[in-house]
Amino acid sequence: MAKITFPVEATHIKMFARALFDENPVYHDASAAGGIIAPPTFPQAVAQFDPEYHLRPKPGQPWFGSAKTPSGVEGKPGSMGGLHAEQHYEYHRHPRPGDVLTVETKVGKTWEKESKRAGKLTFRERIAEYRDQKGELVVTARGVSVTTERPVDQG
């Protein structure tokens with residue numbers, strides 16, 4: 001999978017924390033707790049630097065936005081047949097302003113379970129390693145998605 005590189009900037013951390021309504025001074029005040037650090041879910045901000053991120057609007061293409069009505073898509077978009085089931089972040093140290101993180105995503109484990117309502121459930125793990133400009137591991141993120149064999153019976 002492709003590697004994505006993104007700079008960690010103090011303003012980006014501050015805006016990310018504000019979007020979470022988290023006013024902890026460690027996210028915006030350099031004199032607090034030894035300097036600014038990123039909030040726990042900040043690694044997800046890499047999506048803003050990924051040109052292929054599936055939720056990003058693409059110029060000239062219809063997109064189902066997050067507003068009250070769709071922007072360019074007729075009707076409700078169909079299900080992609082999957083669900084983001086888990087997300088875990090393991091911090092080796094906190095990302096800080098000035099870091100330049102390179103993220104490489106790898107395929108992890110895959111396993112299956114049977115469901116009475118949806119048939120076979122397939123779980124897939126993806127592991128993203130965030131390394132700093134020195135190549136040192138900063139964060140390991142593990143996400144699990146699940147897909148169903150058939151649509152869930154609403155009966």
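Two rings of Phe, Tyr or Trp (for Trp, the six-membered ring) form an aromatic pair if their centres lie within 6.5 Å; the pair is stacked when the planes are under 30 degrees apart, edge-to-face when they are over 60 degrees apart, and tilted otherwise. The exercises below apply this definition and others to a predicted model.

**Exercise 1. Describe the overall fold of the protein.**

Solution.
Step 1. Identify the elements: the protein has one helix and five strands.
Step 2. Place them in order: along the sequence the pattern is β-α-β-β-β-β.
Step 3. Consider burial: of the 155 residues, 28% are buried.
Step 4. Consider the surface: about 10,500 Å² is exposed, and carbon and sulfur atoms supply 55% of this area.
Step 5. Consider the contacts: among those between residues at least 6 apart in sequence, 59% join residues at least 24 apart.

**Exercise 2. Determine which residues touch the most other members of the largest nonpolar core, and which elements give two or more residues to this core.**

Solution.
Step 1. Recall the general tendency: in soluble globular proteins, nonpolar side chains tend to be buried together.
Step 2. Name the central members: the largest nonpolar core has 22 residues, of which Phe6, Ile13, Phe42 and Tyr130 touch the most other members.
Step 3. Assign the elements: two or more residues each come from strand 1 (3-7), helix 1 (10-19), strand 3 (100-115), strand 4 and strand 5 (137-148).
Step 4. Look beyond this core: apart from it lies another core of five residues, including Leu121, Phe123, Val144 and Val146.

**Exercise 3. Classify the aromatic pairs Phe6–Phe42 and Trp111–Phe123, and state which parts of the chain each pair ties together.**

Solution.
Step 1. Note the total: the structure holds four aromatic pairs.
Step 2. Classify Phe6 and Phe42: their ring centres are 6.4 Å apart and their planes meet at 45 degrees, so this pair is tilted.
Step 3. Locate the two residues: Phe6 belongs to strand 1 and Phe42 to the loop between helix 1 and strand 2 (82-91), so the pair ties together parts 36 residues apart in sequence. Both Phe6 and Phe42 are buried.
Step 4. Classify Trp111 and Phe123: with 5.5 Å from centre to centre and 0 degrees between the planes, this pair is stacked.
Step 5. Locate these residues: Trp111 lies in strand 3 and Phe123 in strand 4, so their pair ties together parts twelve residues apart in sequence.
Step 6. Compare their burial with the cut-offs: Phe123 has a relative accessible area of 14% and is therefore buried, being under 20%. Trp111, at 30%, counts as partly exposed because this value falls between 20% and 50%.
Step 7. Complete the surroundings: the charged end of Lys113 sits over the ring of Phe123, 5.8 Å from its centre. Elsewhere, ring pairs link Phe6, Phe16, Phe42 and Phe49 into a cluster.

**Exercise 4. Decide whether Thr122 and His88 are each buried or partly exposed, and list their contacts beyond four places in sequence.**

Solution.
Step 1. Locate Thr122: this residue is in strand 4 (residues 119-131).
Step 2. Apply the cut-off: its relative accessibility is 9%, so Thr122 counts as buried.
Step 3. List its contacts beyond four places in sequence: Thr110, Trp111, Glu112, Ser145, Val146 and Thr147.
Step 4. Turn to His88: this residue lies in strand 2, and its relative accessible area of 43% makes His88 partly exposed.
Step 5. List the contacts of His88 beyond four places in sequence: Thr140, Ala141 and Arg142.
Step 6. Add the polar contact: the side chains of His88 and Glu86 are joined at 2.8 Å.

Conventions: Residues are numbered from 1 along each chain as its sequence is written. This is a predicted model: local features need pLDDT of at least 70, side-chain atom pairs count only at pLDDT 80 or more; totals for chains, interfaces and linings use all residues. Side-chain values use heavy atoms; hydrogens and water are left out. Helices (H or I, at least four residues) and strands (E, at least two) are DSSP runs, numbered from the N terminus. Buried means under 20% relative accessible area, exposed over 50%, partly exposed in between (1.4 Å probe, protein chains only). Contact means heavy atoms within 4.5 Å. Accessible areas come from the Shrake-Rupley method with a 1.4 Å probe; for residues, only the protein chains shown count as cover. A nonpolar core is a set of buried Ala, Val, Leu, Ile, Met, Phe, Trp, Tyr and Cys residues joined through side-chain atoms within 4.5 Å. A charge sits over a ring if NZ of Lys or CZ of Arg is within 6 Å of the ring centre and within 35 degrees of the ring normal. A polar contact is a pair of N or O atoms within 3.5 Å; within protein, one must be able to donate a hydrogen and the other to accept it, and residues adjacent in sequence count only if both atoms are side-chain atoms.
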